[in-house]
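Subject: Structure handover

Hello,

Here is the structure I promised to pass on. Please open it next to this email. My notes follow below.

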Amino acid sequence: TTRKVIEFYAKLTDVMQLLPQHSFLRCHQSYLVNLQMVRNLDSKNHVFVLHSAEEIFISRRSYAAAKESYEHFLQSERDYAVLTPR
């Protein structure tokens, strides 16, 4: 797969306002994560493991809310899969 990198400068707070709130989560002062790209949550190391095997650190302060948001996201994905005919 080809990776495309786009660079721009903005505050993460401003970027968050442009993204869909159900799919993106600010899990650290320096990180936003697209929950659709998360393979799992490593609760021992407080990281999101992406499908690419990269790890995104979750701050201690954000961990409880990040875990709850991720679990809610997973549940909504499961609910959508059940309601959507194949």
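In what order do the three strands of the open sheet lie, and is their pairing parallel or antiparallel? The order is 3-4-5, and the pairing is antiparallel. Strand 3 (38-42) and strand 5 (55-57) are the edge strands, each pairing on one side only. From one strand to the next, the twist averages 25°. Bear in mind that this is a predicted model.

Within that sheet, strand 4 (residues 47-50) and strand 5 run antiparallel and are joined by three bridges. One pair to look at there is Val49, which stands opposite Glu55 in strand 5. As background, strands of a sheet pair through backbone hydrogen bonds, either parallel or antiparallel.

Overall layout

The protein has two helices and five strands. Read from the N terminus, the elements run α-β-β-β-β-β-α. For setting up a box, the C-alpha atoms fill roughly 40 × 30 × 25 Å along the principal axes. The protein has 86 residues, and buried residues make up 27% of them. Take the contacts between residues at least 6 apart in sequence: 27% of these join residues at least 24 apart.

The hairpin

Strand 1 (residues 24-28) and strand 2 (residues 31-34) pair in the antiparallel sense, over four bridges. Two residues sit between these strands, and together strand 1 and strand 2 form a hairpin. Leu25 has Val33, in strand 2, as its bridge partner.

The core

The largest nonpolar core holds 14 residues. Which of them touch the most other members? They are Cys27, Val33, Leu35, Val38, Phe48 and Ile58. Strand 1, strand 3, strand 4 and helix 2 (63-83) are the elements that give two or more residues to this core. Helix 2 gives the most, with four residues. In general terms, nonpolar side chains tend to be buried together in soluble globular proteins.

Cys27 deserves a closer look. What does Cys27 contact once its neighbours within four places in sequence are left aside? The list is Val33, Phe48, Ile56, Phe57, Ile58, Ser59, Ser62 and Ala66. Two of these names, Val33 and Phe48, also appear among the core residues that touch the most other members.

A residue on helix 2

Ala65 lies in helix 2. Is Ala65 buried or partly exposed? Ala65 is partly exposed, because its relative accessible area is 48% and the exposed class begins only over 50%. Ala65 and Arg26 are 39 residues apart in sequence. In space, their C-alpha atoms are 9.8 Å apart.

The largest pocket

If you plan to work with a site, here is what the grid gives. The largest pocket has a volume of about 890 Å³. It is lined by 24 residues, and the closest to its centre are Arg3, Phe24, Leu32, Asn34 and Leu50. Which elements each supply at least two residues of the lining? Helix 1 (12-18) and strand 2 do. Strand 2 provides the largest share of the lining, four residues.

So that the parts can be found again: strand 2 belongs to the hairpin with strand 1 and also lines the largest pocket. Helix 2 contributes to the largest nonpolar core and carries Ala65.

Best wishes

Definitions and conventions. Residues numbered from 1 in each chain as written. Predicted model: local features only at pLDDT ≥ 70, side-chain atom pairs only at ≥ 80, totals over all residues. Heavy atoms only, no water. Pairing = 2+ DSSP bridges. Axes fitted to C-alpha atoms, helices over the stretch in contact; angles between N-to-C directions. Core = buried A, V, L, I, M, F, W, Y, C linked by side-chain atoms within 4.5 Å. Buried < 20%, exposed > 50% of the residue type's maximum accessible area, 1.4 Å probe, protein only. Contact = heavy atoms within 4.5 Å. 1 Å grid on protein atoms, 1.4 Å probe; cavity = no way out; pocket = protein on both sides within 12 Å on 5 of 7 lines; lining within 4 Å. Points joined across faces, edges and corners; volume = space filled by probe spheres on them.
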